[in-house]
Amino acid sequence: MEKSILLKAQSNRLIYWGVFLFLLGLVVGLMAPVFANPRMGVSSHIEGILNGMFLMILGLIWHKIQVSDKWLKITFWLAIYGTFMNWFGILLAAVFNGGKMLGIMAPPQESSPIVEGIIGFSLISLSVAMIATCAILLIGLRRNMSAMT
């Protein structure tokens with residue numbers, strides 16, 4: 001696929017999924033008081049809003065990322081995974097009153113081991129995905145800046 005077509009398609013999809021995640025964050029915000037842990041519900045609301053905005057902004061600057069097509073695809077999917085998993089993992093903690101890995105935001109009691117395992121996996125995997133995303137983005141943006149001078 002020609003690079004400009006790939007960039008445009010991914011850019012459009014990032015913006016679309018960003019708006020969708022933003023909407024999910026808004027809906028969770030309306031429902032926060034009914035969750036087992038309303039405080040975690042507010043956190044999920046904020047994660048949806050902020051991660052949605054991150055994806056929208058990423059879509060707007062996507063054409064400035066100078067990496068290979070392979071790395072563009074990897075970065076695209078890491079960003080999608082990391083942002084949605086951030087929202088979803090915190091949402092699970094709100095619904096099931098779990099999230100012992102979340103420290104001060106977590107309830108004193110733990111949820112079931114399965115729920116805690118899913119939440120823990122989501123937190124660790126999204127952290128790795130987002131750190132990798134940001135590292136690749138910085139490399140691609142640096143290359144773009146170097147090409148301009």
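Biologist: Hi! Which residues in H1 meet H3, and which in H3 do they meet?

Modeller: On the H1 side they are Lys-3, Leu-6, Leu-7, Gln-10, Arg-13, Leu-14, Trp-17, Phe-20, Leu-21, Leu-24, Gly-25 and Val-28. In H3, the partners are Asp-69, Leu-72, Lys-73, Phe-76, Ile-80, Thr-83, Phe-84, Trp-87 and Leu-91. Contact here means heavy atoms within 4.5 Å. By class, this contact has 14 nonpolar, three polar and four charged residues. Ala, Val, Leu, Ile, Met, Phe, Trp, Tyr, Cys and Pro count as nonpolar, Asp, Glu, Lys and Arg as charged, and the others, Gly among them, as polar.

Biologist: What kind of model is this, and how are the residues numbered?

Modeller: This is a predicted model, where local features need pLDDT of at least 70 and side-chain atom pairs count only at pLDDT 80 or more, while totals for chains, interfaces and linings use all residues. Numbering starts from 1 along each chain as its sequence is written, and side-chain values use heavy atoms, with hydrogens and water left out.

Biologist: Okay, how many helices and strands does the protein have?

Modeller: There are four helices and zero strands, so along the sequence you read α-α-α-α. Helices (H or I, at least four residues) and strands (E, at least two) are DSSP runs, numbered from the N terminus.

Biologist: Back to H1 and H3: at what angle do they pack?

Modeller: H1 covers residues 3–31, and its angle with H3 is about 5 degrees, with the axes 11 Å apart. The axes are lines fitted to C-alpha atoms, for helices over the stretch in contact, and angles run from 0 to 180 degrees between N-to-C directions. That is why H1 and H3 count as roughly parallel to each other. The cut-offs are under 35 degrees for roughly parallel, over 145 for roughly antiparallel, 65 to 115 for roughly perpendicular, and oblique for the rest.

Biologist: And are H2 and H3 roughly parallel or antiparallel?

Modeller: Helix H2 (residues 38–61) and helix H3 (residues 69–96) pack at about 170 degrees, with axes 8 Å apart. They are therefore roughly antiparallel to each other. H2 brings Met-40, Gly-41, Ser-43, Ser-44, Glu-47, Gly-48, Asn-51, Phe-54, Leu-55 and Leu-58 to the contact, and residues of H3 there include Ala-79, Phe-84 and Trp-87. By class, the contact of H2 with H3 has 12 nonpolar, seven polar and one charged residues.

Biologist: New topic! Where does UniProt place the transmembrane regions?

Modeller: The unreviewed UniProt entry places them at residues 14–36, 42–62, 74–98 and 118–141. UniProt positions are in the numbering used here, feature names are shortened, and annotations may be inferred rather than shown by experiment. In the model, residues 14–36 are 78% helix and 0% strand, with end C-alpha atoms 32 Å apart. Residues 42–62 are 95% helix and 0% strand, and their end C-alpha atoms lie 30 Å apart.

Biologist: Is Thr-133 buried or exposed?

Modeller: Thr-133, in helix H4 (residues 113–148), counts as buried because its relative accessibility is 0%. Buried means under 20% relative accessible area, exposed over 50%, and partly exposed in between (1.4 Å probe, protein chains only). Not counting residues up to four places away in sequence, Thr-133 touches Thr-75, Leu-78 and Ala-79.

Biologist: What about Tyr-81, then: which residues is it in contact with?

Modeller: Leaving aside neighbours within four places in sequence, Tyr-81 contacts Phe-121, Ser-125, Leu-126 and Ala-129. Tyr-81 sits in helix H3, and at 30% relative accessibility it counts as partly exposed. Its C-alpha atom is 9.8 Å from that of Ser-122, although the two are 41 residues apart along the chain.

Biologist: What is the phi of Asn-97?

Modeller: Asn-97 has a positive phi of about 55 degrees although it is not a glycine. Asn-97 lies in the loop between H3 and H4, and it counts as buried at 18% relative accessibility.

Biologist: Last one: how much of the whole protein is buried, and how much area does it expose?

Modeller: Of its 149 residues, 43% count as buried. The protein exposes about 8200 Å², with carbon and sulfur atoms supplying 74% of it. These areas come from the Shrake-Rupley method with a 1.4 Å probe; for residues, only the protein chains shown count as cover. The C-alpha atoms fill a box of roughly 55 × 25 × 25 Å along the principal axes.
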